[in-house]
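User: Could you take a close look at one part of this model for me, the open sheet and its strands, and then tell me how the rest of the chain fits around that picture? I'd like the cut-offs spelled out as you go.

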Amino acid sequence: MALKTTGFTSTLHPSLCSLSSLFLFTLISILSLSLFFIFSATYQSKPSSSQSLLSQTTPQASIKVYVVDLPRSLNYGLLDAYWSLQSDSRLGSEADREIRRAQMGKTLKFPPYPESPLIKQYSAEYWIMGDLMTPEKLRYGSFAKRVSDVNEADVVFVPFFATISAEMQLGVGKGVFRKKEGNEDYERQRQVMEFVRGTEAWKRSGGRDHVFVLTGFDHSLADPVAMWHVKAEIAPAILLVVDFGGWYKLDSRTSNGSLSEMIQHTQVSLLKDVIVPYTHLLPRLHLSENRNRRTLLYFKGAKHRHRGGLVREKLWDLLVNEEGVIMEEGFPNATGREQSIKGMRTSEFCLHPAGDTPTSCRLFDAIQSLCIPVIISDNIELPFEGMVDYSEFSVFVAVSDALQPQWLVKHLRSFDKGKKDRFRQNMAEVQPIFEYDNGYPAGIGPVPPDGAVNQIWKKVHQKLPMIKEAIIREKRKPPGAFVPLRCHCS
């Protein structure tokens with residue numbers, strides 16, 4: 001018998017259908033939105049092929065930079081003075097003779113940087129400054145945002161060409177470099193410090209948020225040379241350096257047992273300072289241009305070095321007669337440059353042993369040449385680590401292993417073609433981030449978003465919380481309190 005439909009049941013039925021439909025519609029909408037956001041996030045977080053080796057944790061914001069208004073004589077004016085020199089007898093200076101003749105009698109607002117390889121490899125100061133001097137409408141690719149009010153700034157950039165200043169002194173009077181009397185570089189360093197220490201920005205932070213570019217190094221002195229006389233005064237600041245070699249490791253040969261001869265360990269730290277790339281001296285080889293490489297291992301450079309570089313001489317003696325290995329002693333002048341280009345482009349691996357410092361521009365020349373770096377330098381610090389994984393395109397070997405007879409050659413021969421090809425593909429992806437030159441004269445123009453200048457500012461940006469904390473902690477110290485300097489670098 002059929003059930004009788006009551007009025008109560010027939011009255012509720014349409015309402016229940018409406019509620020059920022509304023519930024289902026709401027549920028479907030929520031699920032659709034959830035799926036949309038999940039897929040959107042997945043798509044956005046996937047790196048492009050050119051960025052797959054770069055960490056995606058770097059904040060895509062910007063860093064606000066105030067540029068100290070130093071006299072032009074302390075930056076571009078130093079280049080005017082360099083080009084006005086009648087001669088320079090140092091190795092590699094022949095590269096600048098033609099430029100010097102062309103520059104004679106001219107005063108450009110933004111003079112060129114020296115092409116001498118001894119100086120060019122340290123040109124980070126020039127390219128960083130060029131980006132900051134570029135008109136704002138052309139700085140659309142820059143991670144650093146220049147501000148005119150120091151109170152708005154995250155950091156304060158000190159535009160002193162410290163490397164050029166030191167090289168000027170080394171070129172005209174090397175004998176007085178470590179002295180104060182008769183040393184024009186020392187006088188310029190004092191001028192810079194008197195200027196910045198007199199500002200409210202320095203007094204407020206003790207210099208902790210100030211940025212100095214200190215890339216210069218003199219191999220005959222076996223010391224960092226940029227701002228050498230005021231190293232203790234700038235210790236709290238953010239230092240942009242090519243590595244920590246010579247900064248805190250005592251060299252008994254030059255120090256005569258005096259700790260004051262070297263910058264102390266407490267003055268450099270990975271917590272506040274940034275390792276920046278050397279400027280590469282060899283042109284970039286694109287992956288599509290790569291050809292067969294018949295040599296196993298290649299090295300060109302000086303055999304005899306100081307400090308940790310003593311390992312180089314031992315490696316040289318072990319490898320010089322090995323089959324498939326080329327060890328050449330030489331300097332990157334015009335002839336040496338062409339030899340290096342040929343050697344690196346026709347070799348599977350390029351040797352990178354420690355020298356006077358743990359690293360050198362040779363590493364970045366190898367990357368631009370798609371020659372797999374073999375890094376034998378136990379104390380090395382590398383640019384942009386945490387953003388770049390060097391193990392994806394480099395071979396790291398402990399000094400103790402490398403010094404075993406035939407060990408290194410056997411190890412390198414164990415890499416199959418597939419792995420070497422992957423290393424080279426990975427290297428091609430990161431080549432742009434070690435490039436300073438943006439293709440514009442004096443760097444006055446847009447910088448590539450993934451170039452070296454932007455990567456440097458991103459690394460400084462990562463350190464801001466620690467720097468701001470240090471400034472705040474310093475403020476609460478009562479007068480007369482003494483807290484010993486500490487450094488935790490690894």
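Analyst: Here is a walk through the sheet, followed by another strand pair, a helix, a loop residue and some salt bridges.

A bit of bookkeeping before the details. This is a predicted model, so local features need pLDDT of at least 70 and side-chain atom pairs count only at pLDDT 80 or more, while totals for chains, interfaces and linings use all residues. Residues are numbered from 1 along each chain as its sequence is written, and side-chain values use heavy atoms, with hydrogens and water left out.

For the overall setting, the chain has 17 helices and 13 strands (DSSP runs numbered from the N terminus: H or I with at least four residues for helices, E with at least two for strands). Of its 490 residues, 50% are buried; buried means under 20% relative accessible area, exposed means over 50%, and partly exposed is in between, with a 1.4 Å probe and protein chains only. The exposed area is about 24300 Å², and carbon and sulfur atoms supply 56% of it (Shrake-Rupley method, 1.4 Å probe; for residues, only the protein chains shown count as cover). Among contacts with a separation of 6 or more, 74% are between residues 24 or more positions apart, where contact means heavy atoms within 4.5 Å.

Now the sheet. It is open, has six strands in the order β2-β1-β3-β4-β7-β8, and its pairing is parallel; two strands pair if DSSP finds at least two bridges between them. At the edges sit β2 (144–146) and β8 (274–275), each pairing on one side only. In general, strands of a sheet pair through backbone hydrogen bonds, either parallel or antiparallel.

Strand β4 (residues 210–213) is a good place to zoom in. H210 and F212 point one way from β4, V211 and V213 point the other way, and all are buried. That fits the usual rule that in a regular strand the side chains alternate between the two faces of the sheet. With strand β3 (residues 155–157), β4 pairs in the parallel sense over two bridges, and F157 has V211 as its bridge partner in β4. With β7, β4 also pairs in the parallel sense, over three bridges, and F212 stands opposite L239 in β7. Moving on to the edge, two bridges join β7 to β8, which run parallel; V241 has I275 as its bridge partner in β8.

Another parallel pair turns up further along: β11 and β12 are joined over five bridges, and the partner of L351 in β12 is V374. Five of the five residues of β12 are buried. I372, V374 and I376 point one way from β12, with P373 and I375 pointing the other way.

Both of those strands also matter for the next piece, since β11 (347–353) and β12 (372–376) are included in what covers the buried residues of α15, along with α12 (361–368) and β13 (395–396). The buried residues of α15 are K420, F423, R424, N426, M427, A428 and V430. As for its length, the 14 residues of α15 should span 20 Å at 1.5 Å a residue, and its end C-alpha atoms are 20 Å apart, so the two agree; the expected span is 1.5 Å times one less than the number of residues. D416 caps the N-terminal end of α15, with a side-chain oxygen 3.2 Å from the backbone nitrogen of G418.

After α15 (417–430) comes a loop leading to α16 (452–462), and P449 lies in it. P449 is exposed because its relative accessible area is 54%. Beyond its neighbours within four places in sequence, P449 is in contact with G141, N454, Q455 and K458. P449 and S142 are 307 residues apart in sequence, yet their C-alpha atoms are 6.5 Å apart in space.

Last up, charges. The chain has 18 salt bridges, counted when a side-chain nitrogen of Lys or Arg is within 4 Å of a carboxyl oxygen of Asp or Glu. One of them joins E233 and R190 at 2.8 Å, N to O. That pair links distant parts of the chain, 43 residues apart: E233 is in the loop between β6 (223–224) and β7 (238–241), and R190 is in helix α7 (residues 184–197). E233 counts as partly exposed because its relative accessible area is 21%. Another bridge joins D80 and R72 at 2.6 Å, N to O, and R72 is partly exposed at 34%.

Notes
Polar contact = N/O pair within 3.5 Å; in protein donor to acceptor, adjacent residues only side chain to side chain.
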